[in-house]
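Q: Please take one part of this model and go through it closely, then place it in its surroundings. Keep to plain terms and give the cut-offs.

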Amino acid sequence: MGFAKYITRRIIQVIPLLILVSLISFFIIRLSPIDPLAELRLNPSISEETLQKEIKRLNLDKPIYVQYVSWAKSFVKGDLGYTSAGEKVSVKLKERIPNTLLLTTIVIFLTWIVGIPLGIFAAVKKETVFDRFLTVFSSIGMAIPSFFFAILMLMFAVKTGWFPVGGLTSYNFNEMSFGSKFLDLVKHLVLPVTVLFAISLSGLQRQMRANMLEVLDSDYVKFARAKGLSEFKVIFKHALRNAVNPMITLLGFEFAGLLSGAALTEYVFQYPGLGRLILEAVMKSDINLVMASLMMGTIMLILGNLIADILLMLTDPRIRSNKT
Amino acid sequence: MEIIKKIFKDKFARAAFIILAVLYLVILFADFIAPYSSSYSNRDMAYAPPSKIYTIDENGKFSLPYTYNYIRKYDSNLMQTVFKQDRSKKYYIKIFPKAEKYKFLGLIPTSRHLFGVEKGGQIYLLGTDINGRDVFSRLLFGGRISMTVGFLALFVVFPIGLLYGGISGYLGGIVDTLMMRFAEATMAIPSFYLLIILAAILPSGMTSVQRFALIVVILALIGWAGFARVVRGMVLSIKEEDYVQAERVMGASKLRIILKHILPQTTSYVIIAMTLSVPSYILAESGLSFLGLGIQQPDASWGNMLKEAQEFTNILYRPWLLTPGALIFIAVLSFNLLGDTIRDILDPKSEVRR
């Protein structure tokens, strides 16, 4: 069925996209009036030698297209240069990306586990008190700015003292036993996860409800009902599978939205993720770091979409027969 | 007009419409309604809590509304500054008092405000911020920015998206492929990351008007690609219609066909997309300003006012600093409700809420 072929083709398609993205972001950053080495120059712990090495590496004395080519070459090799504080960019990214992935995966997992059943339920029990309640809840969730909600949660944490108010680990994390390490992580994750979960749940739930309503209105569901199938069978065997498919496409978008939403939430909770890293980098105009984290964010987004596409292919036979 | 009638039939949409109308009226007349100007600041009264307004006096009798001034004192036992009411003198609330000068609607110079207190009194309906500026007044002036930035961005996004999508879809072939790959590439960058980078490379030392304009442009740069893609899809099917073929045979130029005959067909989609995307621009602007990358002090915007609220002491002791967040929430909620209803009216196929 050419499964591997399809995936390889998709991955090959990603490459020109990545090149284009890197071109766009590279030119945006390089054409800006910011000196990429300003911070490095001001940092007394950076020697003249390192500075010259950076200028050489980035080819800052050459025209911009040469700079791009050399940047791209070292990027492919995995050499991302140094941050303005003198650390290796790759080390910094390795530290932050897993944290953001942890946060977003938990949120996506929770939203799907809770959101899909809620959406089905709301559609089946259309216009009951339960459905109305969910509509109000999702309207609120879609309208509340993530950073405002995060501040409210912070207020809650400060007032009750039940949760730590920022970061991912306590200061004595390294001395803890495995069990308390886990507990410590969970405690730190509760608030940011709650914020992102509530916000993405409302969108997902609403979308699922709309899909389900559309499917429930279709002829084959009516036929299944007319055949005398039990309501349970109609919903779970006939309607559900068709209503879930469009949601899988949305998974990619959801991931994109989460990456963006997480940046602000990470900022408020002082969570050491990619979003906060890029924010800090932008504030310090640390070009190497900005460029690298931008590319990483893009790669993560593209991978998210790729996974969604593959999942869709697994669940939807129509796509399988079309594209392979 | 038919649309407005239908909006008023739905009770949620009606409420949302009225709330938005009130909000826009209030920010239009912000100079008049606000008791203080946007540049007013009383350094001695940093972080003063909201003024309490009394209608029953100390003898238990009804009285005209009045308030007391605050005195700021350092409490050495508590190790912090505290505000105490100065009960020695009452200040009555006045309607249409004379206060700071401003130009009504930017035209008529006057010094009458909607309300205020007697001379020497202070009225801070929602307290003051770190610089002793009246939060209530700044909310109104900040609303001017936060509530219009989204609309202005739309007026940049939609012409670009329409033209881009129109040209791409109509010409087809290699042009189409190239244009769409470029649009996809901008969509592949996480939008908020791109947003903060674009905002961060803005040169410093711009006037606030320039900065505002550039923020609008930046917001527009984020949203155009998705919109252009949908327009292209619509154009692909519209261009096969007979009347477009006829136009082509008559020798109309490509640009004329796209602008005059194809794009008008997308109107109802455009209206839906516009109302549904206003909230995302409001959120994006407030997010940027919240991070300190958008509208800069001393100009007020709901986002940058909320920036102060994230400090722990403010969260605990000065909840009035959270009011801008509540306003963003209300505005976005209203736009969402209105957008949903307008979509249901213009596109009966998608009934999300019913």
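**A helix pair, a chain contact and a covered helix**

A: Of the 324 residues in chain A, 34% are buried, where buried means that 20 or more other C-beta atoms, placed from the backbone, lie within 10 Å of the residue's own (12 or fewer is exposed, in between is partly exposed). This is a predicted model, in which local features need pLDDT of at least 70 and side-chain atom pairs count only at pLDDT 80 or more, while totals for chains, interfaces and linings use all residues. Residues are numbered from 1 along each chain as its sequence is written, and chains are lettered from A and ligands numbered from 1 in the order in which they are written.

Chain A has 13 helices and 0 strands; both kinds of element are DSSP runs numbered from the N terminus, helices being H or I of at least four residues and strands E of at least two. Its C-alpha trace spans about 80 × 55 × 40 Å along the principal axes. Two residues are in contact if their C-beta atoms, placed from the backbone, lie within 7 Å. Among the contacts in chain A between residues at least 6 apart in sequence, 74% join residues at least 24 apart.

Within chain A, α6(A) and α8(A) pack with their axes 8 Å apart, at an angle of about 130°. Axes are lines fitted to C-alpha atoms, for helices over the stretch in contact, and angles run from 0 to 180 degrees between N-to-C directions. The two helices, α6(A) and α8(A), are therefore oblique to each other; angles under 35 degrees count as roughly parallel, over 145 as roughly antiparallel, 65 to 115 as roughly perpendicular, and the rest as oblique. From α6(A), the residues A:Leu134, A:Phe137, A:Ser138, A:Gly141 and A:Met142 meet residues of α8(A), including A:Ala198, A:Ile199, A:Leu201 and A:Arg206. The residues of this contact divide into 6 nonpolar, 5 polar and 1 charged. Here Ala, Val, Leu, Ile, Met, Phe, Trp, Tyr, Cys and Pro count as nonpolar, Asp, Glu, Lys and Arg as charged, and the others, Gly among them, as polar.

The contact between the chains takes 42 residues from chain A and 38 residues from chain B. Seven elements each supply at least two residues of the chain A side, among them α6 (129–143) and α8 (178–216). The largest share, 8 residues, comes from α1(A). That side of chain A divides into 33 nonpolar, 8 polar and 1 charged.

Across the contact, chain B has 13 helices and 6 strands, and 39% of its 354 residues count as buried. Helix α6 (residues 191–200) of chain B is mostly covered, with 10 of its 10 residues buried. Those buried residues include B:Phe192, B:Tyr193 and B:Leu194. They pack against α1, α10, α11 and α12 of chain A, together with α7 (208–238) and α10 (267–290) of chain B.

Chain B also has an open sheet of 4 strands in the order β1-β2-β3-β6, with antiparallel pairing; two strands pair if DSSP finds at least two bridges between them. At its edges stand β1 (53–56) and β6 (115–117) of chain B, each with a single partner strand, so one side of each is left without a neighbour in the sheet. Strand β3 (residues 80–95) of chain B pairs with β6(B) in the antiparallel sense over 3 bridges. B:Ile95 stands opposite B:Phe115 in β6(B).
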